Structure formats: C-alpha cells, structure tokens
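Subject: Structure handover

Hi,

Here is the structure I promised to send over. Please have a look at it first, and then read on for what I found.

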Amino acid sequence: MRINLSFKDAKITQINECEFKIVFDLSSMNTPRLSPDARMYIEHFNLCEFRDEAYGEKGNLRGYFELRCQNLQNSDWNSEDGNSGNCVLYRSPLTSFNSFTNNDPMLISNFKINQGFLSNSLTMFLKFYDQNGDPYTTSSSLFSEIDENTSEFTAHTTAIQDLDTSLKQREPVIKLLQNKEILLKQQQGKVSNATNILRTAQNNLFNDIENFTKLGTSPIRAKIRVEGFKLLIQAYNINDTIYTFESINYALSGFQTLKNVLKTYYQAFVEHLEETHILDQLTIDIGNLQSNTTAIFEHFDTEFDPTSLLLKPDTQIGVGYEVIVPGGTNKNGTCSITYFNAPSATIPKKVIVVDDIQQTTGTLNKNDILEIDSSIFESIIPQTFTYKFVKDTDASPTGLSFVDTTGTNFSNDRKKALRFSFEVVRSSTSAYTITFTNLVENVNDGFSKGFEDGDVITIDGTIMDGVSPANDLTITIPTVVTYSANTTKSFSTLDDGDSTKGTIDIDIGIDNTGVNDYVLTINDLTSTSNFKVSDEFVIKGSLLDGVDGLLANGGNDCILKVDSVGSAGEILALSFQEGKNRFFDNIGEIERSSTTIAGTGIDITTITVPTGKITLINDAIEKSINTLDAEIITKRANVVATKNALILNNKKYITNISNYQKDKIKAIHMSMVLYDEIPEYTQASYDAISGNTYSRVMNCQFKRI
C-alpha cells in the first residue's frame, strides 16, 4: 500500500535548537494488519529549497538534515548506509536540500517495520546538522570581503564594465559576419547560375551567327559584321562589350536578324556582371568585419545621377567624396569604388562596389549621401574612334544625306543608285579624316559609283556620338573619275622576288572596252638567269588599276609563266597564265584625291558625366572583430590586474536556524510503500507474488499489503 504524508498535517514540535518532533495522527485511519515480514521504502521525498542568502555563501549553512522514525525496527539495516544498524529514514545531501525520487526502492531507503508502525500515530524526528556534521546550533564563518569604498574597487568595477562593453559590441558583429557568410554562399550560387545563363546565351548567339553566315542569301557585309561581333564576345573585354552593345544599331543587316539573341546575350552579360559585383561587395564586407579596422560601413544604396549616361567600367582608389549638410559644414573624406553601368539593359542599370570609406571632416551617419564628383568618372566613348559607312544596297545608311551641286536633295532613284564605302576617324577636337575602301560585294565596281561633279555627302554629328550640326561631317566631291579606253602599264625591272636572278622588261596592256585578258608585250628577257620552267611572276591587281587577289577570289592579279629557259637559266619564252583586266566604264566613281571634308570632331570632355551617389543605409560598425578581440584581451588583463589590487576586509558571520527556515519544514511531502517480504526457503504462500519481482534478498518473493 502507498501512504502519502504531508508535513503540514503533522504536529511539529521543536525539541531543541536543532531537532524537531513530527507526529502524524493515524487514529482515523483504517489500518491493515501487518505481518512480521512487513517492510517499507520511501518512494518520493519532496521539499522546497532551504538555502537562501543568509544561509548560503556568507552564512555558510551548507549542512544537511536527518529524518528518523521510531516505528522502524532498529535492528534492521538500510543498504544505502550498510549494515550499521543506522535506521535513518532519509538524509538530505550535504550542500543543499532538494527533492528525492527513489530509483532503487529494494536497496535504498528500505526498512523493516514493527507491528506498531501504523498505530494511532506515526512519529518522526528531524534533526539539522551543520557542514561539519555537528548538530546545528549556531554557525560562524570568517570571510575576507572587498572594501567597496576604495578607488581600487572603483577601478575594478570600471574595468569590468569596459570588458562587458566590448563583449556586447562583439556579439552583433559576429552575428552580422555569420549572416554575411551565409549570403556569400548564396551569392556564389547566384554567380554560378548567372555564369550558366550567360554561357547558354552565348552558345545560342554563336549558333545563330553560324547559321546566318552559312545562309546563302545573307549579305557578305552582314556576315562579316556578325562574325566580328562573335570575335568581340569571345575576347570578353567588358569595356568593349558594354560600349558596343550600348551603341549597336539593330537596324543594320545581320544585327536586325539576330536582334533578339543579341539582346538576350547582353542582358545575361550585364546580370552576370551585377551578380559578380554583389559577390565582390560581400567579400569586401566580410574582410572588413574580420580586419583590424574601425568605422566599418557595410550596407549601401548606390546610383549614378543621371543614370542614362554610359561610363567606362573601372576601379578608383582613394577618391574624394562630399556629404552636403544644409545649413552646416559639409562632410568629406575618401573611398574606393568599382563600378559599371549599362543604360540600355532591362535591369540593372548601375552597380557601385564600395570599400575603405575614410572620414576626414565630420562623422558619417545613417542616410548620409556620399557624392563623388563626375570628374573621376570616364566616359566610355573612345577619344579616337573609327566609324564605317557602307552603301552597297539601295538602302542608305542612317544619318547620311545627299545634295547635288545646286544644293538640291537627290531624287530617290538617284540616291538608290549610289554605292560607296569609307571610314571616318574621329579624334577628340581634331578634324575628321576619311579613307575610302573597296566595296566588299562589288569589287569590280571600284570604290564608289553613282556620283556626279559637285555632289555633297553630310553625316549627322549624332551618328558619331556628337551633336548636330556642330559635329556634322561634310564630304564634298568636286569631280568624279573618268577612265580612258586603253591603258598600258610598264614594268621594266620586274623580278620574281629574287633580285639575284635578274629582271624582265615587259608591258601589260589593259583594254577598257570589255572584260578581257591582259595583253602581254615582251621587251627584254636577256637580263635573267637561274630560272626554271613553270616559274611565275605575279603582278598585283592594284598595280593594274584593279583589286589585289586571284581571279577565283574576285581579284584581278596578273600571273605570267616561264615556258622555256636556256642553259644558264635565262628565260627564253614567257606567256600570260591567268588574270583579267578590270572593266571600267564612267560610272560616277569619286575622285578621292580631290575630295574635301569639313567638320569638327567630338570633344568628349564636354560630354556630361554623372555624379556617383552612395547612400549609407546603416550607421558605421564601430569596430571589427579583430579590433574587438584585441581590446578584449587587453581589457581582461586589466580586470585581472585591478582585481589583484583590491583591498579586502575580514568579517565574521554568525547564523542560526531562523523561524523562516523552520516554517519550510511544513512544505515537506513524502510517499511510502508498504509490502510483505516472504523468504521462499522458509515458507510459501498461496497469494505470494512470483516472477519478475524485486527483492532485497535472493530467492525471495513479496506480496502486497
């Protein structure tokens, strides 16, 4: 059976200063009959904490108490204490009073009880002992205490506060660093993803370029144009790529066909740059947080004002900034930045990576806007740049206009008939220069056609990144070329590249009445030696008013073959092998030598460049982790030093068991379990419980009461 006892229901009498008698009234209890083999064990012993400040560190109570019961059979023993005849019902731990749960009831706090255990009353005795095991009357302790009314104590207190300040400062920096490291790993994944997207966009673009160039109907110039774009992308020069894509004319043949994949590639290119810059900023932030620096800024909002202007991606170190303070003194200092912008991209348009903000005048605060003067930014427009203008179809290049000698605009039919190809070089404020080039698709048509004396070509200045009319280029054509019907080119000292073999003297006749072979006239072959049959002389087409290159490739080179030689290798016979003269009719080709140009180049120093703006989202982090760690080491040493310098006073504390402690006895609650133990070797009972039972003695059973 289980008996629950609450000490608040008992009569508690103080016998002496350290001993109490506890009597439970059992007169109204329906008590069972107990056999000579009856035993009991404590199941639970619950009580509140007896220690407090008065009886703790200073009073040094640190004792224990024992609970005895006169209803136990004193000749029995408790295995917890050994076979000593000591029938202590419960003993509290030495240094503290706390609750007890019996996890081994057949061994611990298990006692033989006498026949009168459950008589009219159950009497227990509770006795307090001090830390020495003596009955607790009064206890005294001698302590050395700090004298708090000294400068040494003040210094120690200040040292502890200083250390606590640094420790508290370190916690948020550590947390921020951990968050940044998590973001860094996430950003590394974003960069990897952006790299894959860029690679896919590049592959798609290259595939479309290859398909376009293989297409027989694609114009040759357009094929060359997109192939050049492919080479640019493969080189992966950020400045060149951004400038080229920002200034691309999608109306041009080739670009128009590839417009969508070109835009997709550029967007992927810009987003990859952005993700890389964000990763760089996180790397910088983490480095700063782990450094030995102070006043760390790690959260910004950046922009260019205005955002539509194109800048050369660059890194600037130690550039000046200024914070405008209305009605006060402006703040200034230096910082380092890496930046790029891409106005035509869908998103983003700008990225500025910030590092090493140094404050010179004034303290920076949250929401301050650091303005970086536009003078440190460089426009991506090159100082010297070459523009190519080609008209090899009926369509006219954008930004070009045409008038005749009277100043009248060309009729549409005549404008369609024009053909030309030239390059314009713009170099800062210098005058433009112009170079006429061969038409790629119409090599037999010379450099141009369709013009008349006095024609004027005007190129709008905006086409060359300037303004109109200030930067317009005017090309005036006083005369056009007129070719004669027949021409003879003389080569009196022609060799095959080896002057030691001698030279020949020949004339090449060009008949401008149709597309014919060249006419060979031999003047003298006697100055030759060491030649052999099938040796060749090649006369470049440009020397014959034509185009360099073999006939099969659209050139008009002339090839002469040695047919026979003498004993010493002197050429005896020479014949025409290959080549056709160029057919010239009076088609209105520009007389390049007489052409004049007028116009002022672009001074890029006058181009508006944006101001960089950096908005501080948070106040500065006062100190980095390494800085704080160094401070903490110093401050801990200061705490130890000031502690060793403290002045001590000796004090004696005398305590006894107060009424407050006595009242706590009423909070005790305990539960006991009674049972009969039956040794098998002496008797057996029909109601004995066997199998899987606990017993204090081997080969014993027990039965419930």
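Let me begin with the residue that caught my eye. Asp472 is buried, yet it takes part in no salt bridge. The nearest side chain of opposite charge belongs to Arg426, and that one is 13 Å away. Please keep in mind that this is a predicted model.

What does the side chain of Asp472 have beside it, then? One of its polar atoms lies 2.7 Å from the backbone nitrogen of Gly461. Gly461 is also among the residues that Asp472 touches, once those up to four places away in sequence are set aside. The others on that list are Tyr432, Thr458, Ile459, Asp460, Val467, Ala598, Gly599 and Thr600.

As for where this sits in the fold, Asp472 belongs to the loop that runs between β22 (455–459) and β23 (473–477). Those two strands pair with each other in the antiparallel sense, over five bridges. If you would like one pair to look up in your viewer, Val456 has Thr476 in β23 as its bridge partner.

The pair is part of an open sheet of four strands, in the order β18-β22-β23-β30, with antiparallel pairing. At its edges are β18 (400–403) and β30 (596–598), each of which pairs on one side only. From one strand to the next, the twist averages 20 degrees. Ala598, one of the residues touched by Asp472, falls within the range of the edge strand β30 (596–598).

I also looked at a second loop, the one between β26 (519–524) and β27 (536–539), where Ser527 is found. Is Ser527 buried, partly exposed or exposed? It counts as partly exposed, because its relative accessibility is 45%, and the partly exposed class runs from 20% to 50%. Leaving out neighbours within four places in sequence, Ser527 is in contact with Lys501, Gly502 and Thr503. The C-alpha atom of Ser527 is also 6.6 Å from that of Ile504, although 23 residues separate the two along the chain.

Finally, some figures for the chain as a whole. It has 705 residues, of which 40% count as buried, and it contains seven helices and 35 strands. Taking contacts between residues at least 6 apart in sequence, 74% join residues that are at least 24 apart.

Happy browsing, and do write back with any questions.

Best wishes

Key:
Residues numbered from 1 in each chain as written. Predicted model: local features only at pLDDT ≥ 70, side-chain atom pairs only at ≥ 80, totals over all residues. Heavy atoms only, no water. Buried < 20%, exposed > 50% of the residue type's maximum accessible area, 1.4 Å probe, protein only. Lys, Arg positive; Asp, Glu negative; His and termini not counted. Salt bridge = Lys/Arg side-chain N within 4 Å of Asp/Glu carboxyl O. Polar contact = N/O pair within 3.5 Å; in protein donor to acceptor, adjacent residues only side chain to side chain. Contact = heavy atoms within 4.5 Å. Pairing = 2+ DSSP bridges. Axes fitted to C-alpha atoms, helices over the stretch in contact; angles between N-to-C directions.
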